[in-house]
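Hi,

Here is the structure I said I would pass on. Have a look at it first, and then read my notes underneath.

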Amino acid sequence: MIETFKEKSIQKNYDKLIVNGVNKDQNTTKINKVVVLLDNESLENIVIPNLINTLPFKKENIEVFIYKEYSKKEELASNFFTNNEFGFKASLKSDNLKNFVKNDYDLLINYVKTPNLYTNTITLLSQASLKASFAGIDDRLYDLVISDEGLNEAVLNQELKKYLTILKKI
């Protein structure tokens with residue numbers, strides 16, 4: 001019951017923030033620091049090698065942040081976050097999330113394939129200069145939205161390469 005109230009509170013705050021817009025500086029420098037959002041930890045071994053092969057990023061400049069449903073039985077590594085780390089009105093309870101939001105990434109790539117309030121909220125709060133994702137998640141959050149019916153990560157990476165080259169970011 002409390003979880004439902006919390007989700008409604010987060011959703012209400014999210015809707016208010018997205019309407020008001022979040023001010024961010026448009027950086028004209030090349031992309032160096034990248035963060036990847038996932039909701040399935042098994043995709044990390046597929047997405048990161050493909051990203052490195054497709055785009056000129058080094059593995060040490062790529063951070064991965066993975067959303068997972070909260071479970072009392074499971075201890076999570078620092079690159080995971082759960083719905084339990086969010087408070088009412090989209091407040092961030094963990095230092096892990098607070099640090100993620102504060103970091104100035106050059107590019108945030110969201111590979112989450114279904115709309116998720118928690119990944120959308122940290123994407124909204126993130127200080128990333130450029131944000132990219134599949135179409136249909138919440139297009140208002142992203143600077144680059146790639147439409148692919150199959151939601152294929154390789155297609156997203158190829159399209160990112162094309163548009164980042166046009167924008168002279170790589």
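Below is what I found, starting with the sheet and moving on to a few residues.

One thing before you dig in: this is a predicted model.

**The sheet**

Start with the sheet, since most of my notes hang on it. It is an open one with six strands in the order 3-2-1-4-5-6, and the pairing is parallel. The edges are strand 3 (80-81) and strand 6 (144-146), each of which pairs on one side only.

Strand 1 (residues 34-38) is a good place to begin. On one side, strand 1 pairs with strand 2 over five bridges, in the parallel sense, and V34 has I62 as its bridge partner in strand 2. Strand 1 also pairs with strand 4 (residues 107-110), again parallel, over four bridges. There you can find L37 standing opposite N110 of strand 4.

How much of strand 1 is covered? Five of its five residues are buried. The side chains split between two directions: V34, V36 and L38 point one way, while V35 and L37 point the other, and all are buried.

Going along the sheet from strand 4, you get to strand 5 (130-134). Four bridges join strand 4 and strand 5, which run parallel, and L107 has L130 as its bridge partner in strand 5. Strand 5 is mostly covered too, with five of its five residues buried. Strand 5 is then joined to strand 6 by three bridges, also in parallel, and A132 stands opposite L144 of strand 6.

**Helices and crossovers**

Next, the helices. Strand 1, helix 2 (residues 44-54) and strand 2 form a β-α-β unit, and it is right-handed. The route from strand 4 through helix 4 to strand 5 is another β-α-β crossover, and it is right-handed.

Helix 3 (residues 95-102) lies across strand 1, strand 2 (62-67), strand 3 and strand 4, and runs at about 135° to strand 2. Helix 4 (residues 117-125) packs on the sheet as well, where it touches strands 1, 2, 3, 4 and 5. The direction of helix 4 makes about 170° with that of strand 4.

**The aromatic rings**

Now for the part I would zoom in on. How many aromatic pairs are there? The count comes to seven. One of them is F65 with F100, a stacked pair at 4.6 Å centre to centre, with 5° between the planes. F65 sits in strand 2 and F100 in helix 3, so this pair ties together parts that are 35 residues apart in sequence. Both F65 and F100 are buried.

These two rings also belong to a cluster: ring pairs link F65, Y67, F81, F86, F100, Y105 and Y118. While you are looking at Y105, check out K33, which lies over the face of the Y105 ring at 5.3 Å from the ring centre.

**Two loop residues**

Last, two residues in loops that I looked at one by one.

S126 is in the loop between helix 4 and strand 5. Is S126 buried or exposed? It has a relative accessible area of 3%, so S126 counts as buried, the cut-off being under 20%. Leaving out residues up to four places away in sequence, S126 touches F100, V101, L108 and K131. You will recognise F100 there from the stacked pair with F65.

Y70 is in the loop between strand 2 and strand 3. With a relative accessible area of 42%, Y70 is partly exposed, because that label covers values between 20% and 50%. If you set aside neighbours within four places in sequence, Y70 is in contact with T82, N83 and N84. The C-alpha atoms of Y70 and K98 are separated by 18 Å, and these residues are 28 apart along the chain.

If you want one view to start from, try strand 1, with strand 2 paired to it and strand 4 paired to it as well. From there you can pick out F65 in strand 2 and F100 in helix 3.

Cheers

Note on methods:
Residues numbered from 1 in each chain as written. Predicted model: local features only at pLDDT ≥ 70, side-chain atom pairs only at ≥ 80, totals over all residues. Heavy atoms only, no water. Pairing = 2+ DSSP bridges. Contact = heavy atoms within 4.5 Å. Axes fitted to C-alpha atoms, helices over the stretch in contact; angles between N-to-C directions. Buried < 20%, exposed > 50% of the residue type's maximum accessible area, 1.4 Å probe, protein only. Right-handed = clockwise from strand over helix to strand, strands pointing away. Phe/Tyr/Trp six-rings, centres within 6.5 Å; stacked < 30°, edge-to-face > 60°. Lys NZ or Arg CZ within 6 Å of the ring centre and 35° of its normal.
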